[in-house]
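Okay, thanks for coming, everyone. I'll put the structure up and walk through a few spots.

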Amino acid sequence: MSSPISQKVRPIALVLMGGGLPMLHYFSIRPEELSYEIPSRSVVHSTLGGAWIDDFGVGIKTIHLTGNTGWRGVLIPGELWFLNFRELIYETYFRRRLEASNSGQDPDTVRLFFVDTLNLIMAWVHPTEFVHKRSKTKPLLHQYSIKLSVVKESGVSSLIGGLIG
């Protein structure tokens, strides 16, 4: 039995497209926690005759990432990594969408993509929450928590095709 493929060659990244030059933010230090929430749009009602289900399918998926930058970082210092991360997610993304809207263009031409080659997930996402934490017990670390709502998910086959081809 062969050993599993190293996770180092399967990156997790955010890619900003549209409204200017593409921007890539690579997670050189993987998030400590990564969760994919897939809710349903279903409600179960209790009635006199038993249960009744109103089922409207799958709800809006959410990706939640939490982690830290490391105090030294891998490619760049942790603090600079965090500043680049925040710039991409909350400043450049929303600024480009606003600029597109103000110039009469569709703001959806500016898109943020979450690419997780480890779990074979690629999705067009919209950031809904960004939290920056600092701690007295870990003064050199920039901790983050980000919540991304999935606008549209690309199939696993397109991600695999992109990795192979």
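Before I use any strand names: helices and strands here are DSSP runs, helices being H or I with at least four residues and strands E with at least two, numbered from the N terminus. And keep in mind that this is a predicted model.

So, with that numbering, look at the loop between strand 7 (111-116) and strand 8, where you'll find Leu120. Leu120 isn't a glycine, and yet its phi is positive, about 55°. Is Leu120 buried or exposed? Neither, really: its relative accessibility is 24%, so it counts as partly exposed, given that buried means under 20% and exposed over 50%.

Let's go on to the loop that links strand 8 (121-133) with strand 9 (143-154), because that's where His142 is found. This one is buried: the relative accessible area of His142 is 5%, and the limit for buried is under 20%. What does the His142 side chain pair up with? There's a polar contact of 2.9 Å to the side chain of His132. There's also a polar contact with the side chain of Arg134, at 3.3 Å. If you leave out residues up to four places away in sequence, His142 touches Gly67, Asn68, Thr69, Glu79, Phe82, His132, Lys133 and Arg134. So both polar partners, His132 and Arg134, turn up in that contact list as well.

Now over to strand 4, residues 40-47, which holds Ser42. Ser42 comes out as partly exposed, with 30% relative accessibility. Which residues does Ser42 touch, not counting those up to four places away in sequence? They are Asp54, Asp55 and Phe56. Take Asp55: along the chain, Ser42 and Asp55 are 13 residues apart, but 4.3 Å is what separates their C-alpha atoms. Their side chains also meet in a polar contact of 2.9 Å.

Last stop, the largest pocket. The space in there comes to about 180 Å³. Eleven residues line the largest pocket, and the closest to its centre are Leu24, His25, Tyr26, Ile76 and Asn84. Which elements give two or more residues to that lining? Those are strand 2 (23-26) and helix 1 (78-102). As for the chemistry, the lining splits into seven nonpolar residues, three polar ones and one charged.

That's my tour, so let's open it up for discussion.

Terms used. Residues are numbered from 1 along each chain as its sequence is written. This is a predicted model: local features need pLDDT of at least 70, side-chain atom pairs count only at pLDDT 80 or more; totals for chains, interfaces and linings use all residues. Side-chain values use heavy atoms; hydrogens and water are left out. On a 1 Å grid over the protein atoms alone, a cavity is a set of points where a 1.4 Å probe fits but cannot get out, and a pocket is an open set with protein on both sides within 12 Å along at least five of seven lines; lining residues have an atom within 4 Å of a point. Grid points are joined across faces, edges and corners, and a volume is the space filled by probe spheres set on the points. Ala, Val, Leu, Ile, Met, Phe, Trp, Tyr, Cys and Pro count as nonpolar, Asp, Glu, Lys and Arg as charged, and the others, Gly among them, as polar. Buried means under 20% relative accessible area, exposed over 50%, partly exposed in between (1.4 Å probe, protein chains only). A polar contact is a pair of N or O atoms within 3.5 Å; within protein, one must be able to donate a hydrogen and the other to accept it, and residues adjacent in sequence count only if both atoms are side-chain atoms. Contact means heavy atoms within 4.5 Å.
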